[in-house]
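Hello,

Here is the structure I promised to pass on to you. Have a look at it first, and then read on for what turned up.

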Amino acid sequence: MSDSLTNEEFSRYGRQMIVQGISNNRDPIEHQLLLKNSKICVIGAGGLAAPCLSYLAGAGVGEIGIIDDDVVETSNLHRQIIHSTSKKGELKCDSAKKFINDLNPHVQVNTHPVRLTNDNAFEIFAPYDVILDCTDTPMTRYLASDVAVLLGKTLVSASGVNTEGQLTILNFENIGPCYRCFHPKPPPPNTVSSCSMNGVIGACIGLVGIMQAVETLKVLQKVYTKDNFEPFMLQYSGYMDQSLRRFRMRKRRHDCVSCGDSPEITREKIESYEINYMSFCGSRDYDVVDSMERITPAEFKEKYWSAPAKECVVIDVRPQAHYKISNFNTDTVKNIPLATLTSMKGDIGKLKEVVPEINEDSNVVVFCRYGNDSRLATRELKDKFGIQNTKDVIGGFFAYIDQVDPSIPKY
């Protein structure tokens, strides 16, 4: 615990220390020391965390933990601005640490190059004052919220995809509400969006990350108190007209299984996996085809794509926007998004309107981006349309690029 600032720190933080009207009449030095003596833990080092970490480190938060087991890829760089081209292949948490150390050497950075799980969440969270959720999966949100409640930690939670995002503060000073108060039941798995599937405008998610930093500063510097804090949800939309709306949210639910009057969730239940977040949140059932219904990209090229090839119908079930960015550049492949295929409800007449040459005896090969949705499409074509000679390509279009033809653009 430090009770003073160095001359260099006065120079570094002076412009924010002289801001009036935000410190509840607190001495500006005391206000800055609250940051210097604070410890935060950030889950994720991606699009939300990038600006959030930058501004919190720049503001002088004393100790920052970063949880992320992913590595920097080219596709991250348009939005994850703490990383750079030279850091491709590095762990994101290590890349972020280097950025922060260069920005502000007064900040202690702890890296946790792991995925947050039932096994490690309590141990990782314990030393920190405030937890920041910068992820995009319901499983992590529920886990982080439950553990934060049991450890008495405030959780600043944000999410974003496409051009939109939202932000809230959970379990503030142990008075709630928690994530389960807002969402007692998780959304259906097929309604959950992600940046990799649905895309994201970097500047939009960056704005949400900056707002997350602002709210965290309010918590750390005790601008929010038990007397003045009211639960809220901020919702941001970037396109077409930018808008930011603030909604008052319900307070802690007395019947909440996590933070209510008679909580059912315990540390023992979490660490023993009696509470299974994957099972609770569900997932798209991609395990719907067996090995005989799948082929490798190399097998596809040899058996169906190369001359003299076995005559087949190739269907790409990626969304149209994905298909327009990168494809096989031939009219031979038909783009039928999975949602469109599903909406046909097994009516082969409707399918023939798009693919006139297809029938129940056709050899059909299905692609998607990573080989997930193509499995669902394979099951759909076999069981509902009656096209039994349907094959799914393992790993999808991207695996074909990696293993067979790297000249095709990969987005």
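**What was found**

The protein has 17 helices and 13 strands. Please keep in mind as you look around that this is a predicted model.

Let me begin with the whole chain. Along the principal axes, the C-alpha atoms fill a box of roughly 80 × 50 × 45 Å. There are 411 residues in the protein, and 49% of them count as buried. The accessible surface comes to about 20,000 Å², and carbon and sulfur atoms hold 49% of that surface. As for charges, there are 46 positive and 51 negative ones, and their mean positions lie 3 Å apart. Among the contacts with a separation of 6 or more, 67% are between residues 24 or more positions apart.

Next, the interior. The largest nonpolar core has 42 residues, and the members that touch the most others are Ile40, Val42, Leu53, Ile64, Ile66, Leu132 and Ile169. Leu53 is a good one to click on: leaving aside neighbours within four places in sequence, Leu53 is in contact with Val42, Ile64, Ile66, Ile82, Ala96 and Ile100. Apart from this core lies another, of 25 residues, including Leu143, Ala148, Ile270 and Cys281.

Two residues make a nice pair to look at one after the other. Gln80 is in the loop between strand E2 (63-67) and helix H4 (92-103). Is Gln80 buried or exposed? Gln80 counts as buried, because its relative accessibility is 3%. Not counting residues up to four places away in sequence, Gln80 touches Ala45, Gly46, Gly47, Ala50 and Lys92.

The other one is Phe280, which sits in helix H11 (residues 277-281). Phe280 has a relative accessibility of 31%, so Phe280 counts as partly exposed. Beyond the neighbours within four places in sequence, its contacts are Tyr142, Arg180, Pro184, Lys185 and Pro186. If you would like a distance to try out in your viewer, take Phe280 and Cys93: they are 187 residues apart along the chain, and their C-alpha atoms are separated by 28 Å.

Now for the backbone, starting with helix H9. Helix H9 (residues 202-220) has 19 residues and reaches 27 Å from its first C-alpha to its last, close to the 27 Å expected at 1.5 Å a residue. After H9 comes Lys222, found in the loop between H9 and E7. Lys222 is a residue other than glycine, yet its phi is positive, near 60°. With 40% relative accessibility, Lys222 counts as partly exposed, because that value falls between the limits of 20% and 50%.

Which other lysine is worth a look for its positive phi? Lys345 is not a glycine either, and its phi is about 55°. You will find Lys345 in the loop between helix H14 (338-343) and helix H15 (348-354). Lys345 counts as exposed, because its relative accessibility is 71%.

One last backbone detail is a cis peptide bond, which joins Tyr239 and Met240 with omega at about -10°. Met240 belongs to the loop between strand E7 (232-237) and strand E8 (243-248).

Enjoy exploring, and write back with any questions.

Best wishes

Definitions and conventions
Residues numbered from 1 in each chain as written. Predicted model: local features only at pLDDT ≥ 70, side-chain atom pairs only at ≥ 80, totals over all residues. Heavy atoms only, no water. Helix = DSSP H or I, 4+ residues; strand = E, 2+ residues; numbered from the N terminus. Expected span 1.5 Å × (residues − 1). Buried < 20%, exposed > 50% of the residue type's maximum accessible area, 1.4 Å probe, protein only. Contact = heavy atoms within 4.5 Å. Areas by Shrake-Rupley, 256 points an atom, 1.4 Å probe, with all protein chains shown as cover. Lys, Arg positive; Asp, Glu negative; His and termini not counted. Charge placed at Lys NZ, Arg CZ, Asp CG, Glu CD. Core = buried A, V, L, I, M, F, W, Y, C linked by side-chain atoms within 4.5 Å.
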